[in-house]
Amino acid sequence: MNVLIVYANPEPSSFCAALKTAAQEALMAAGHGVEVSDLYAEQFNPVAGRHDFSTSADPVRFHYQQEQMKAFAEGGFSVEIQREQARVAKAHLYLFIYPLWWGGMPAILKGWFDRVMAYGFAYADGKRFDSGFFKGRHGLLAITTGGTPERFSEDGVYGPIETLLTPPKKNHAGISGVDCRAVICGLWCSACQPTNARALLAGLDRAGR
C-alpha cells in the first residue's frame, strides 16, 4: 500500500514531528511505501490565485473552480500543484498530521486542500463524497492540541473534539470520496514528550487497513 503523509507543523522538535517520524517508520516497517509532503519544509504556498495555472478560462473574472477545471483538462496546473497531485494520485491511504490551531487546521494545510484537491482532480459536479474520484481510499487524522481532555469534553469550554474534527473528516477529505473515519488525537500535548508518540500511534496499522 502507498501512503501519503501530509504534515503541517513548522517545529522539528514538536510532538507532531515525532508523530510523523513514528508513523513513517512504522508504516515502512510494515512494508508500505511512504511519501511525505512536509508543507513547511517544502515551503508550500497556501495562497490560491492565477499563479496556480498556466491556462486561463477567463482572463477578466477569476473563478477558481472554473480555472481549476480548465487546468485539469489541459494540464495547466503549476509545477507545485502537479507534484502534490501526483503524490495524492499514487496513494491509497492519506495521513494528515497537524496541530489544532484556532479550532482547525493550520492555514498552510487548508491552502493545500484549496489548491491541490482541485475541482476536476478530486471532485466535480455529481462526483462528491460517495461518488468522489477517490472513493475507496482511506484517510487518517493525527491531531495534536495543547488543550486538556476536560476542555474538549461535552461540558468543556471547547466542546467535544469530535465536533471540531467533523469538517476535516467530511468536508476536506470526504468530499473527494476518501473514507476519513479514523482519528488519532493527542490531547494536552504541551505536557507530552515526543518519545511518547509511538504509544499514541499504537492503532495506526489497524486504522490503515
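## A first pair to look at

Which residue forms a salt bridge with Glu42, with the closest N and O atoms 3.1 Å apart? The partner is Arg87. This pair links distant parts of the chain: Glu42 sits in the loop between β2 and α2, while Arg87 belongs to helix α3, 45 residues apart. Please keep in mind as you explore that this is a predicted model.

## Glu42 and its other partner

Glu42 also meets the side chain of Arg83 in a salt bridge, at 3.6 Å from N to O. Arg83 lies in helix α3 (residues 79-90) and Glu42 in the loop between β2 (33-38) and α2 (64-74), so this salt bridge ties together parts that are 41 residues apart in sequence.

How accessible are these two residues? Arg83 has 31% relative accessibility and counts as partly exposed. Glu42, at 28%, counts as partly exposed too.

## Within helix α3

Now follow Arg87 to Glu84: their side chains form a salt bridge of 2.7 Å, N to O. Both residues lie in helix α3, 3 residues apart, which is about one turn of the helix.

Are these two residues buried or exposed? Arg87 counts as buried, because its relative accessibility of 11% is under the 20% cut-off. Glu84 is buried as well, with a relative accessible area of 0%.

## The wider network

Salt bridges that share partners join Glu35, Glu42, Arg83, Glu84 and Arg87 into one network. For the structure as a whole, the count comes to 11 salt bridges.

Definitions and conventions:
Residues are numbered from 1 along each chain as its sequence is written. This is a predicted model: local features need pLDDT of at least 70, side-chain atom pairs count only at pLDDT 80 or more; totals for chains, interfaces and linings use all residues. Side-chain values use heavy atoms; hydrogens and water are left out. A salt bridge is a side-chain nitrogen of Lys or Arg within 4 Å of a carboxyl oxygen of Asp or Glu. Helices (H or I, at least four residues) and strands (E, at least two) are DSSP runs, numbered from the N terminus. Buried means under 20% relative accessible area, exposed over 50%, partly exposed in between (1.4 Å probe, protein chains only).
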